[in-house]
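Me: I'd like to walk through this structure step by step. Can we start with the basic vocabulary and go from there?

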Amino acid sequence: RVVRTLRALGEAPCDAALFDRVVQEYRLQLVNAGFKPCSLAGYERLHCLEATFHHADHKLAAIHALTPSAIASFARQMLAAAHAAVFTCGNLHADEARAIFADVLGALGSPPPP
């Protein structure tokens, strides 16, 4: 389901009103991030020590460049480079396992196996 959703995101523009609401909610979360006294010290410590830590201020600055078309482009690029490995176990028939595999490959844009 996740792959299918990402593929749909890359193929069709998302709803502009919904996009604006999500961006506004994320913006509010970033504006209020790390200001509680109990979390501020740890947050700033991570910012100083972790090279992969992205500070809320940097995310807030980057969110202004975020557009529905940029998200669609990112989804297309990500899925173009994706490789799938499917593992099924449990109470499944072999045909059900093959159907899951074919569904994932189909969502990635690859033809199902013969």
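Reply: Sure! A residue counts as buried when its relative accessible area is under 20%, and as exposed when that area is over 50%. Keep in mind that this is a predicted model.

Me: Is tyrosine 43 buried or exposed?
Reply: The cut-off for buried is under 20% relative accessible area. Tyrosine 43 has a relative accessible area of 16%, so this residue is buried.

Me: Which residue forms an aromatic pair with tyrosine 43, and how are the rings arranged?
Reply: The count of aromatic pairs comes to 1. In that pair the ring centres are 5.1 Å apart, with 80° between the planes. Planes over 60 degrees apart count as edge-to-face. Tyrosine 43 sits in helix α3 and its partner in the loop between α3 and α4 (56-62), so the pair ties together parts 10 residues apart in sequence, and that partner is phenylalanine 53.

Me: What about histidine 55: buried or exposed?
Reply: Histidine 55 is found in the loop between α3 and α4. Its relative accessible area is 8%, and with the cut-off at under 20%, histidine 55 is buried.

Me: Which side chain does histidine 55 join in a polar contact?
Reply: Leaving aside neighbours within four places in sequence, histidine 55 is in contact with Tyr43, Glu44 and His47. The polar contact is 3.1 Å long and joins the side chain of histidine 55 to that of glutamate 44.

Me: Let's move to α5. Where do its buried residues sit around the axis, and which helices do they pack against?
Reply: An α-helix has 3.6 residues a turn, so residues three or four places apart point the same way. In α5, the residues Ala72, Ala75 and Leu79 are buried. They cover an arc of only 60° around the axis, which puts them on the same side of α5. The helices that the buried residues of α5 pack against are α1 (2-11) and α6 (94-108).

Me: And which residues are exposed on the other side of α5?
Reply: Here the cut-off is over 50% relative accessible area. On that other side, the exposed residues are Ser69, Phe74, Gln77 and Ala80.

Me: One last residue: is asparagine 32 buried or exposed, and which backbone oxygen lies 3.0 Å from its side chain?
Reply: Asparagine 32 is in the loop between α2 (16-31) and α3 (37-49). At 55% relative accessibility, asparagine 32 counts as exposed. A polar atom of its side chain lies 3.0 Å from the backbone oxygen of leucine 28.

Key. Residues numbered from 1 in each chain as written. Predicted model: local features only at pLDDT ≥ 70, side-chain atom pairs only at ≥ 80, totals over all residues. Heavy atoms only, no water. Helix = DSSP H or I, 4+ residues; strand = E, 2+ residues; numbered from the N terminus. Buried < 20%, exposed > 50% of the residue type's maximum accessible area, 1.4 Å probe, protein only. Polar contact = N/O pair within 3.5 Å; in protein donor to acceptor, adjacent residues only side chain to side chain. Phe/Tyr/Trp six-rings, centres within 6.5 Å; stacked < 30°, edge-to-face > 60°. Arc of directions from axis to C-beta. Contact = heavy atoms within 4.5 Å.
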